[in-house]
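Student: Could you take me through one part of this model close up, the ligand site, and then carry on outward from there? I'd like one connected walk rather than a list.

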Amino acid sequence: MSQRSVAVLGATGSVGEATLAVARNHPDRLRVSVLAAQGTRPARLAELAREFRPDRVIVASADRAAALGGELPDGVRLTCGDQALLDAVGTGDIDLVVTAIVGAAGLQPAAAALAAGADLALANKEAMVAAGPVLRRLAAASGSSILPIDSEHAAIHQALRAGRPEEVRRLVLTASGGPFLDRDPATLETATPAEATAHPTWNMGAKISVDSATLMNKGLELIEASYLFDVAGSRIDIVIHPQSLVHSIVEFRCGNGIAQISANDMQYPIQYALSYPERWSRPAGSASTHLTELLQAASRLEFRQVDRGLFPAPSLARAALARGGGAPAALNAANEIAVDAFLSGGVPFTAIVPVVAGVLERHDRQAGGGDPETVDEALAWDSWGRSHAREVLAPFGG
Ligand code: NAD
Ligand code: MG
């Protein structure tokens, strides 16, 4: 049995920790060679370094490195900064890079990993939204694979194995609906960051939790799915499924659909991505519930339509995908700026989606041109979206 060398980017975050739990359960198959994080949790990062003994630990800045300094075990090399991250994943020594960084900041490391021939286990959907066609071309050129960790996309990846690409009629992405699904819309204006990040079925980082509350997360996932699986946005549906047990569905042209079911624990899609094309066992005790028990405990599975008036974010993302060019990158960038402003108390929850809409309107008025062809072109659209978002935010208090 061969052991794969893995780099975990975003190691101390929600997906990073779940990835390391999978690695902990499968030490004979996975060797953690690189741990990277911003460095805001130095004690935890040091603890992980002592446990996994990676070759390298990378943090965002020299200050963060200084905070970690003496805590690392002998033989673990500590470096810092963006270039150090690119160097670490681009060496060609890493078999698999798990990108669990938040936001478009994950784009360059993802591209460097693919260019160096490493497989990419992708949680960082924002990179795919900003530059999906570029990442796919890099993977094709080096012969590496992009394996989705996002639970919906891991579900679709599994379901697609039941047929051929030309036999697929539609993809159906399921959405929990987030914490505000049934909240009185009149009270959303005063929704706090604490309320917006209290997700009903998943325990995730702050940014994706807010995206789930606006349903922008599902919009980003629609773009991600279109790029990953080469299916037009017009053939991707979104359905609200509050129990988060059916993770997505592929409908084939014969009318048969394949849905994927598992507990709502990120270790399932992560292990799927890390083990593909194999399937490894789940260790006894860790979420080892039988599916029959899981379904019985849920007692019913609901599916509802998205209320597009209340939650316009998926429609905005669909329009940005259809528009192409820099629109998906600009949409993502604007959303990152607006979510940051909300989380830091600068603007109300209800400003987030209008800010994104405002930036897309500006994009539609001025832009021409095709899809970004390089990472730099995608990053230029990302910067464009950020600066316009700051302007559009100003009247909201941002
Ligand atoms: P999180 O906030 O819990 O963790 C983010 C991690 O990334 C932290 O370790 C942080 O230190 C690190 N990080 C952030 N910016 C960085 C940078 N510039 N350089 C280096 N490290 C950096 O976030 P999360 O919830 O784990 O989400 C990570 C990504 O996975 C996001 O793109 C999110 O959309 C996606 N995702 C998350 C979940 C989930 O269940 N949490 C599910 C599907 C997809
Ligand atoms: Mg998801």
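Tutor: Start with G205, where a polar backbone atom sits 2.8 Å from an oxygen atom of ligand 1. Keep in mind as you look that this is a predicted model. Two other backbone contacts reach the ligand's oxygens too: G10 puts a polar backbone atom 3.4 Å from an oxygen atom of ligand 1, and for A123 a backbone N or O atom lies 3.5 Å from one. Zoom out a bit and you'll find 21 residues surrounding ligand 1. G205 turns up again among the closest of them, along with T12, S14, V15 and E126.

Now let's put those residues on the domain map. The domain assignment splits the chain into domain 1 (4–148), domain 2 (149–312) and domain 3 (324–398). By those bounds G10 and A123 belong to domain 1, while G205 belongs to domain 2.

Stay in domain 2 for a moment and look across at domain 3. Their C-alpha centres lie 25 Å apart, and the contact draws 19 residues from domain 2 and 14 residues from domain 3. Together the two domains bury about 1400 Å², with 79% of that on carbon and sulfur atoms. What about charge pairing across this interface? The rule finds zero salt bridges between domain 2 and domain 3, and the count of residue pairs in polar contact there is two. On the domain 2 side, the elements giving two or more residues are helix 8 (193–196), helix 9 (206–214) and helix 10 (216–229). Helix 9 supplies the largest share of that side, six residues. Sort the residues of that side by type and you get 13 nonpolar, three polar and three charged.

So where should you look for salt bridges? The structure as a whole holds 24 of them. Side chains of opposite charge can pair when their charged atoms come close. Take E17 and R44, whose side chains meet in a salt bridge at 2.6 Å, N to O. E17 is in helix 1 (residues 14–25) and R44 in helix 2, so this pair ties together parts that are 27 residues apart in sequence. Another salt bridge joins R300 and E302, with the closest N and O atoms 3.9 Å apart.

While you're at helix 2 (42–52), follow the chain on into the loop between it and strand 3 (56–59), where you'll meet R53. R53 has a phi near 50°, a positive value in a residue other than glycine.

One last backbone stop: Y276 and P277 are joined by a cis peptide bond, with omega about 5°. You'll find P277 in the loop between helix 11 (267–275) and helix 12 (291–298).

Notes
Residues are numbered from 1 along each chain as its sequence is written. Chains are lettered from A and ligands numbered from 1 in the order in which they are written. This is a predicted model: local features need pLDDT of at least 70, side-chain atom pairs count only at pLDDT 80 or more; totals for chains, interfaces and linings use all residues. Side-chain values use heavy atoms; hydrogens and water are left out. Domain bounds come from an automatic or database domain assignment. Contact means heavy atoms within 4.5 Å. Buried area is the accessible area (1.4 Å probe) that two parts lose on being put together, summed over both. A salt bridge is a side-chain nitrogen of Lys or Arg within 4 Å of a carboxyl oxygen of Asp or Glu. A polar contact is a pair of N or O atoms within 3.5 Å; within protein, one must be able to donate a hydrogen and the other to accept it, and residues adjacent in sequence count only if both atoms are side-chain atoms. Helices (H or I, at least four residues) and strands (E, at least two) are DSSP runs, numbered from the N terminus. Ala, Val, Leu, Ile, Met, Phe, Trp, Tyr, Cys and Pro count as nonpolar, Asp, Glu, Lys and Arg as charged, and the others, Gly among them, as polar. A residue is near a molecule or strand if one of its heavy atoms lies within 4 Å of it.
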